[in-house]
Amino acid sequence: MLKRLYKYSEGYKRETYLASILVVLEIFFDVLIPYIIARLIDDGVTGGSVRLVHIYGALIIAASVVSLVFGAFSAKCAGKASAGFAANLRAAMYEKILHFSYRDIDEFSASSIVTRMTTDTNNLRNSYLMLVRIAFRAPSMFIFSVAMVIAVGGKIVLIYCVLIPLLVAVVLSLMKATREKYKKVYAAYDKINLKIAENLRGIRVVKSFAAEDRESKKFEESTQEVYDNFTSAEKLLAFSFPFMQITVNTSLIIISWIASHWIVAGTFTPGELTSLISYSMQIFMSARLFITVSSSIAQSQETARRCLELIDHEVEDKSNGDSFDEKNYDLKFDDVSFNYFAYKDATDSSNAISNVSFNIKSGETIGVIGPTGCGKSTLALLMANLYEATDGKVTLGGKDINGISSTDLRHNVVVVLQQSILFSGTVRDNLVNGLSKAEQGEDLDERIKTALTLAKAEFVYELEGGLDYDLSQSGTNLSGGQRQRICIARALLRNPKIIIFDDSTSAIDAMTEKAIRENLHKSLPDATKIFISQRIASVKGCDRIIVLDNGTVDAIGESKELLNTSKVYADIYSTQIGGAAI
Amino acid sequence: MKRLFSYFDKRHILRLTVVVICITLNSLVTVAASLFLKALVDKYIPAVISSGGTDFHGILVICIQMMGVYLFSALCALTYNRLMVDISQTIIKRVRNDMFHHLQRLPIKYFDQNEYGDIMSKFTNDAVTLEDFLTRTFPDAVSFIITITGVLITMLFLSPLVTGVVLLSLVGILLSTRFLGKKNKQNFMRQQKTMGALNGFTEESVEGLKTIKVFSSEKENEQSFDKLNNNLYGTTKKASSYANMMMPITGNLGNVQYALIAIFGGVLAIKGIGGLTIGIIAAFLQMNKSFTSSISQLANMVNAISQAKAGMGRIFNLLDEEEETDEGTLVLENPKGHIEFKNVSFSYVEGTPILKEVSFEIKPGTKVALVGSTGAGKTTLASLIGRFYDVDEGEILFDGVNIKEYTKESLRLAAGVVLQDVNLFTESLLENIRFGNREATDEQCISAAKATNVDAFATKLSDGYATVITGNLSGVSGGQRQLISIARAEVAEPALMILDEATSSVDTRTELLINESLDTVMDDRTSLVIAHRLSTIRNADNIIVLENGEIVETGNHDELMNKKGRYNELYTLAFENDN
């Protein structure tokens with residue numbers, strides 16, 4: 001996994017290596033200092049030489065400055081390398097998701113993709129930084145310090161052979177013992193947040209049913225859960241700090257005791273004793289650092305896996321498929337079934353639509369109607385090949401729709417989706433994005449105007465800046481109806497061969513909807529127009545209506561015919577229009 | 001800060017005292033350790049040497065004593081850490097519970113006026129800041145202050161001259177790190193800003209990925225992303241570089257200070273000025289590190305403390321919001337559901353009236369439909385009955401009594417509401433139904449489910465009624481969620497059922513089923529329906545047409561059609577025959 005991730009340091013490898021090497025040098029000079037102090041005390045102070053005190057003092061300052069310079073450079077390199085790594089990783093992920101099919105998007109879910117690209121990537125950047133800086137810092141500090149202890153105090157180093165493994169073992173086992181509890185803490189936190197979010201959204205429901213006290217009680221159960229697990233975990237973990245203190249201090253006492261004997265014997269000096277104490281501190285500090293780093297890097301494993309999973313996800317590139325014949329655009333479904341969960345170990349085996357067959361001829365106006373959950377929206381997505389059929393075959397102009405180049409397909413078959421999604425940027429960007437220079441043509445503004453007029457979206461010109469009006473994120477500074485009309489204009493601007501409206505006029509009043517429909521017939525006489533709706537009024541005037549029920553075709557025909565042949569249609573009709581009309 | 005103390009009870013204050021004492025004792029061990037080193041070098045070792053180099057008894061005693069001190073201080077550390085966990089977690093739990101409890105009791109107005117994310121952030125970010133303050137910042141600050149004081153006193157006692165050097169060099173270190181800290185903060189802010197921009201863009205394009213694909217605008221999106229990603233790279237590089245430099249810079253400036261102490265102390269000792277000994281120099285060197293690091297960490301803490309203060313301010317702001325008042329005393333018993341609006345006027349913002357002198361009556365057992373275009377005031381009208389807002393002028397009578405006389409709880413339980421936006425909770429399907437009436441038995445819930453066509457799909461779910469309703473993953477569709485919310489209102493058995501566009505996301509066939517089941521359960525129940533779909537209100541006893549906050553027409557379907565007024569217009573517009 002590390003190796004796979006390492007690929008994304010491309011372009012920043014030099015900085016990565018440099019940062020690590022410089023850290024080692026920084027530590028090397030840092031570790032020299034206690035030794036020079038020892039010499040200063042013994043040769044200078046005890047020896048009574050002011051000159052030596054000055055020389056050794058100057059040496060310490062010099063070592064500090066060198067260490068500082070190396071350290072600062074290493075910091076700079078590490079900062080650059082980790083930022084670059086994160087940028088590469090993010091770019092790779094973004095590039096990948098742009099090639100995701102609808103099915104891929106469903107599989108990962110939007111919120112999970114966002115988390116991977118934001119929080120997860122940032123966490124990995126931190127881990128990378130730590131790996132580059134601290135992963136080298138801790139061991140080199142440890143090794144250099146131990147080397148110095150051997151040089152100064154010889155066999156005294158044996159103390160650490162016992163104490164350090166003991167310390168690491170105790171701290172790691174404490175961490176391990178609390179890990180499960182912390183997991184529970186996080187789960188309880190999630191519960192708390194969910195409860196707050198749901199109550200904020202549903203406050204009217206809570207108040208309507210006077211359920212405030214009940215909700216408070218449930219909330220308190222979750223906070224109690226956090227309290228219980230957190231305190232029991234932290235109380236256990238509270239042993240680690242005092243234990244560390246005890247091990248460090250025990251080593252100091254032992255060193256002092258042994259050193260006293262040596263000093264008395266004349267083989268050791270007080271200056272050397274102070275340096276041993278300093279090294280002892282550093283050894284323990286590096287051990288502590290090592291524990292923190294290793295546990296946080298271990299934690300980032302899961303994060304790394306999540307990011308790589310997204311990048312490694314295989315996507316199909318269909319941009320090189322067959323070109324699309326513009327004369328014949330008959331859309332034919334041949335025994336088509338579709339299951340949203342087919343990508344998983346199908347726990348839910350129910351098909352969204354089953355064994356659907358029909359043939360829509362070029363230029364026809366088609367209505368699709370049926371109850372919620374009958375598969376209407378699925379049908380729209382299959383028509384534009386945004387999902388591939390699980391079984392059966394969809395053909396466009398006689399060609400398998402899967403074989404047609406995705407670029408050609410997107411330009412000729414356009415769906416106006418149920419949710420009107422716009423992006424931050426100008427209205428113009430929203431309309432034009434996706435069109436190549438050639439497609440935009442010279443009379444672009446003129447054509448935009450036509451499309452907006454047809455979609456009854458002339459209000460755009462009254463906005464501040466007109467086409468250059470800035471939309472906020474997701475276009476929330478427009479009303480739902482305004483967004484829907486811009487979405488329709490965006491589709492019309494493409495002058496498609498087949499245009500599918502998936503319940504995309506829900507926020508537009510009946511009068512405007514009717515006007516838009518009439519405009520469509522006038523301006524796109526040759527295009528196949530498919531209206532998917534729950535409203536009889538929206539499909540009634542179509543050449544043919546496909547009635548869906550429970551994922552299957554109940555009947556196909558004209559409205560008058562269907563009143564006799566389809567019970568589903570007649571039911572819907574009588575609910576909406578009333579018995580009198582029949 | 002003071003207010004936080006109101007969350008401490010007597011037991012906690014006692015414990016807090018123990019904590020402070022333990023922290024003090026633990027911090028003073030630094031001083032003890034350096035005094036031990038001084039005594040060892042200056043007194044005990046020379047004593048052994050002068051006694052002939054055989055009698056180590058004195059050193060053994062002081063080593064054992066010191067070990068005792070260390071063990072005791074570790075015990076102190078353990079005690080205060082464990083006590084502090086308990087204290088801080090209890091406080092934070094109480095604060096969270098109080099916040100939630102209070103939030104539930106705020107008037108609807110508060111939720112309309114405050115951003116959802118802002119309220120949420122009080123619970124997450126601000127509460128976590130407070131938690132950090134209690135568990136880390138507070139004990140650390142006490143420990144640092146004690147260490148600094150203790151070390152300073154000891155240093156002055158050992159050698160005022162060397163202490164002067166320590167303090168002077170310290171000023172230099174603090175000034176340089178302060179400069180760096182400022183730079184750091186600026187860079188960090190910049191990084192956060194660019195990161196916010198990139199996150200926003202990512203969120204938007206992922207949520208809209210399906211649309212991007214339909215219009216194949218991948219290239220434009222990638223270009224915008226690259227630009228933002230590059231910006232973020234630039235700011236992160238800078239912020240991270242500066243932040244990383246902190247460690248080598250402060251560490252090595254500390255080393256320089258170390259050298260200065262050694263040089264100055266060494267020269268003084270050689271010259272015999274100020275009674276300086278090797279032991280004292282060693283002690284100084286040992287104390288110096290914890291002294292400097294305590295001070296610079298304490299300086300950094302100022303930030304954390306001001307953040308915690310701001311967070312607490314926001315939390316207490318929420319707790320200070322005035323709760324929904326309930327001056328009603330009458331308990332509404334055996335309600336019949338007779339409603340009367342008498343010249344009711346209402347506005348959210350003064351000067352822009354939503355309802356103007358609205359008067360009408362709903363007789364018990366009848367079904368009344370509210371019709372009108374969006375923004376006509378239908379939803380507002382419905383929310384006045386449950387007193388989510390209070391009328392400005394006029395009065396609303398429930399069973400002949402002004403609704404202000406009743407307790408809000410009894411009033412709301414008498415008027416069940418099915419809202420346009422379905423809000424279910426992450427609980428089992430059965431519990432979601434029981435939400436309407438906490439006393440309902442399983443059988444009552446299931447029979448309500450049967451009456452509202454929930455049973456038909458509930459029994460088909462993998463876990464049946466025990467299926468937990470979650471965001472989108474529970475296999476329950478939008479229409480089905482709507483049905484559950486109707487079952488929830490049904491189990492409450494309210495005298496008055498208010499349906500606020502209740503069936504707008506249910507398809508017409510399901511709507512038909514719901515209407516049927518509602519009709520059967522509404523036999524002896526009053527109901528008020530708000531809907532776009534005129535077909536659902538065709539069999540209403542009375543239709544009220546609302547325009548711009550005023551009633552323009554009333555009557556039943558046939559009467560209003562014959563009137564050829566606004567209702568007729570609305571009706572024909574929606575169901576106009578294309579032929």
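Student: Which helix of chain A do Lys567(A) and Asp571(A) lie in, and how many residues apart are they?
Tutor: Both sit in helix H20 of chain A, residues 567-576. They are four residues apart, about one turn of the helix. Keep in mind that this is a predicted model.

Student: And what do their side chains do?
Tutor: They meet in a salt bridge, at 3.2 Å from N to O.

Student: Is Lys567(A) buried or exposed?
Tutor: Lys567(A) counts as exposed, because its relative accessibility is 61% and the cut-off for exposed is over 50%.

Student: What about Glu518(A) and Lys514(A), where are they?
Tutor: In helix H17 of chain A, residues 510-523, again four residues apart. Their side chains form a salt bridge too, 3.8 Å from N to O. Glu518(A) is partly exposed at 41% relative accessibility, and Lys514(A) is partly exposed at 25%.

Student: Switching to chain B: what does Arg434(B) pair with?
Tutor: Glu431(B), with the closest N and O atoms 3.1 Å apart. The two are three residues apart in helix H13 of chain B (residues 429-434), so about one helical turn separates them. Arg434(B) is buried, with a relative accessible area of 15%, while Glu431(B) is partly exposed at 30%.
Tutor: There's also a network, where salt bridges with shared partners join Lys195(A), Glu215(A), Lys218(A) and Glu427(B).

Student: OK, how many salt bridges are there between chain B and chain A?
Tutor: Four. Over all chains, the structure holds 36. Asp86(B) also bridges to Lys235(A), with the closest N and O atoms 3.8 Å apart.

Student: How much area do chain B and chain A bury between them?
Tutor: About 13,300 Å², 67% of it on carbon and sulfur atoms. The contact takes 140 residues from chain B and 152 from chain A.

Student: New topic. Which residues make the nonpolar surface patch?
Tutor: Ile21(B), Leu25(B), Phe72(B) and Leu75(B), covering about 380 Å². Helix H2 (10-27) and helix H4 (57-104) of chain B each supply at least two of the patch residues. Leu75(B), for one, is in helix H4 and counts as exposed at 52% relative accessibility.

Student: Last thing, what are the confidence scores like for chain B?
Tutor: Chain B averages a pLDDT of 82, with 91% of the residues scoring at least 70. Among its elements, strand S1 (residues 339-346) has the highest mean at 91, and helix H17 of chain B (residues 508-521) the lowest at 63. The model itself scores ipTM 0.79 and pTM 0.74.

Methods: Residues numbered from 1 in each chain as written. Chains lettered and ligands numbered in written order. Predicted model: local features only at pLDDT ≥ 70, side-chain atom pairs only at ≥ 80, totals over all residues. Heavy atoms only, no water. Patch = residues over 30% accessible without salt bridge, like charges linked within 9 Å, V, L, I, M, F, W, Y side chains within 5 Å. Areas by Shrake-Rupley, 256 points an atom, 1.4 Å probe, with all protein chains shown as cover. Buried < 20%, exposed > 50% of the residue type's maximum accessible area, 1.4 Å probe, protein only. pLDDT = per-residue confidence, 0-100. Contact = heavy atoms within 4.5 Å. Buried area = accessible area lost by both parts, 1.4 Å probe.
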